[in-house]
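Here's a quick briefing to read alongside the sequence and the 3D view. Have a look at where the ligand sits, then at the small sheet.

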Amino acid sequence: MANTRSDEARVSADAPIPLSVPVLSGREWQYVKECLDTNWVSSAGLFIERFERATAAALNAEHAVAVVNGTAALHLAMVLLGVGPGDEVVVPALTFIATANAVRYTGAVPAILDVEADYWQLDAAKLEAFLREGCIRHNGTLSNKATGRRIAAILPVHALGHPCDMDAIIAVADPYGIPVVEDAAEAIGARYKGRYVGTIGRMGCLSFNGNKTITCGGGGMILTGDAKIAARARYLSSQAKDDEIAYVHSEIGYNYRLTNVLAAIGLAQIEKLDEHIAAKERIARRYYDGLAGIPGLTPMLQANWAQNVHWLFTILIDSTRFGLDNMTLLNRLLEAGIETRPLWQPMHRSSALRDAFVHSEITVADRVHAQALSLPSSVNLTPEQQDRVIASIKQASRA
Ligand SMILES: *Cc1c(COP(=O)(O)O)cnc(C)c1O
């Protein structure tokens with residue numbers, strides 16, 4: 001075990017500062033050792049159940065089904081809703097491409113809508129206008145007037161750890177009977193009006209990728225309040241086995257179950273959820289204070305109904321007032337050993353999604369993308385490292 005706490009303390013003052021790295025400071029070793037000692041390493045074992053139960057308990061979810069990654073969770077959620085060819089699923093323009101890819105895997109296409117300007121989440125007002133004016137109801141289903149395809153689901157993303165306005169989105173979706181699935185991959189532990197994200201829509205999907213707040217190395221989870229959906233998620237994620245012994249299957253299933261070894265890491269991580277969230281909040285507060293008053297620099301705002309978990313603390317750079325644009329600042333910071341990242345290419349700009357339906361009014365996503373930069377936000381980021389980031393940004397702004 002080379003990486004002890006005293007080694008960390010000896011990290012030199014100018015060592016590189018990564019964007020977001022896993023912090024495995026709990027019982028990960030102990031739990032993984034138990035898997036190896038008992039030979040329960042694969043897709044059955046007690047840690048899978050314990051990880052599911054602990055996650056459900058932490059987030060007040062009724063059911064939790066662990067899968068191999070967040071993308072698989074989203075794909076399976078779409079399959080569980082019966083999404084397929086001829087369908088469209090509403091996704092926000094500003095997200096990681098996995099959201100849209102999960103829709104494409106089913107043969108459906110994304111219907112890409114803009115985000116709102118303050119918190120950069122799916123714009124409920126534009127969604128309402130699209131469903132009312134851009135779609136038509138026929139025999140109980142709502143179809144996109146421009147493409148003729150059925151609107152099968154709405155897939156809002158709690159981007160960067162900030163919750164979407166879920167009441168507004170569900171109020172728009174409900175009269176049409178369209179299910180809402182939350183992509184909560186970046187926002188585990190965030191709360192919307194007191195409720196944990198991922199537990200508000202029909203289903204919620206989590207990611208435990210290495211750069212997320214809680215990690216298994218790779219992993220994902222479907223949350224739902226519906227016992228039938230949870231049971232079906234288990235069935236489809238383990239090859240749709242009709243019988244525990246005989247190899248009999250009546251449907252196409254998937255090999256999407258998480259392994260016990262990875263669930264062991266996940267359980268140790270979930271035990272640290274409150275600690276990790278507290279660290280992210282501390283980091284955000286220090287950035288808000290330290291970066292206040294820099295001309296042309298605006299941090300992501302926080303809605304009064306939101307408890308943001310600040311997965312990646314993200315700022316907007318207005319180049320005319322700041323003196324540099326976001327990508328030039330990225331390079332300046334890189335020279336100082338500080339890793340930052342722009343946001344994702346907006347979905348309507350992606351050539352991978354050239355078949356998608358793109359709503360005509362997408363302006364905010366492009367503007368945010370052109371200005372955004374995410375700052376180092378690892379749970380183990382020290383105040384000294386953060387002060388180095390802040391000082392380097394100030395220095396760049398004067399250059
Ligand atoms: C990380 C992420 C995913 C995918 O999760 P994986 O576990 O990496 O497959 C999906 N959606 C969003 C918004 C993400 O950030």
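Which atom of the ligand does a polar side-chain atom of Asp 183 lie 2.8 Å from? That would be a nitrogen atom of the ligand. Keep in mind that this is a predicted model. The protein buries 92% of the 380 Å² that the ligand exposes when taken alone.

**Polar contacts to the ligand**

- Gly 70 uses its backbone: a polar atom there is 2.7 Å from an oxygen atom of the ligand.
- Thr 71 uses its side chain instead, with an N or O atom 2.5 Å from an oxygen atom of the ligand.
- Asp 183 brings in a polar side-chain atom too, and its partner is a ligand nitrogen at 2.8 Å.

**Who lines up around the ligand**

- There are 16 residues around the ligand, and the nearest of them are Gly 70, Thr 71, Glu 186, Ser 207 and Lys 212.
- Sorted by class, that shell holds 8 polar, 5 nonpolar and 3 charged residues.
- Helix 4 (70–80) and helix 5 (98–105) each put at least two residues into the shell.
- Helix 4 gives the largest share, at 3 residues.
- As for the space itself, the ligand takes up the second largest pocket.

**The three-stranded sheet**

- Elsewhere on your tour, look for an open sheet of 3 strands, ordered 9-8-13 and paired antiparallel.
- Strand 9 (195–196) and strand 13 (306–307) are the edge strands; each has a single partner strand, so one side of each has no neighbour in the sheet.
- Strand 8 (residues 191–192) runs antiparallel to strand 9, and 2 bridges join the pair.
- To find your place there, pick out Tyr 192, which stands opposite Arg 195 in strand 9.
- As a general reminder, strands of a sheet pair through backbone hydrogen bonds, and they can do so parallel or antiparallel.

Key:
Residues numbered from 1 in each chain as written. Predicted model: local features only at pLDDT ≥ 70, side-chain atom pairs only at ≥ 80, totals over all residues. Heavy atoms only, no water. Pairing = 2+ DSSP bridges. Helix = DSSP H or I, 4+ residues; strand = E, 2+ residues; numbered from the N terminus. Near = heavy atom within 4 Å. Polar contact = N/O pair within 3.5 Å; in protein donor to acceptor, adjacent residues only side chain to side chain. Areas by Shrake-Rupley, 256 points an atom, 1.4 Å probe, with all protein chains shown as cover. 1 Å grid on protein atoms, 1.4 Å probe; cavity = no way out; pocket = protein on both sides within 12 Å on 5 of 7 lines; lining within 4 Å. Sits in = over half its atoms within 2 Å of the grid points. Nonpolar A, V, L, I, M, F, W, Y, C, P; charged D, E, K, R; others polar.
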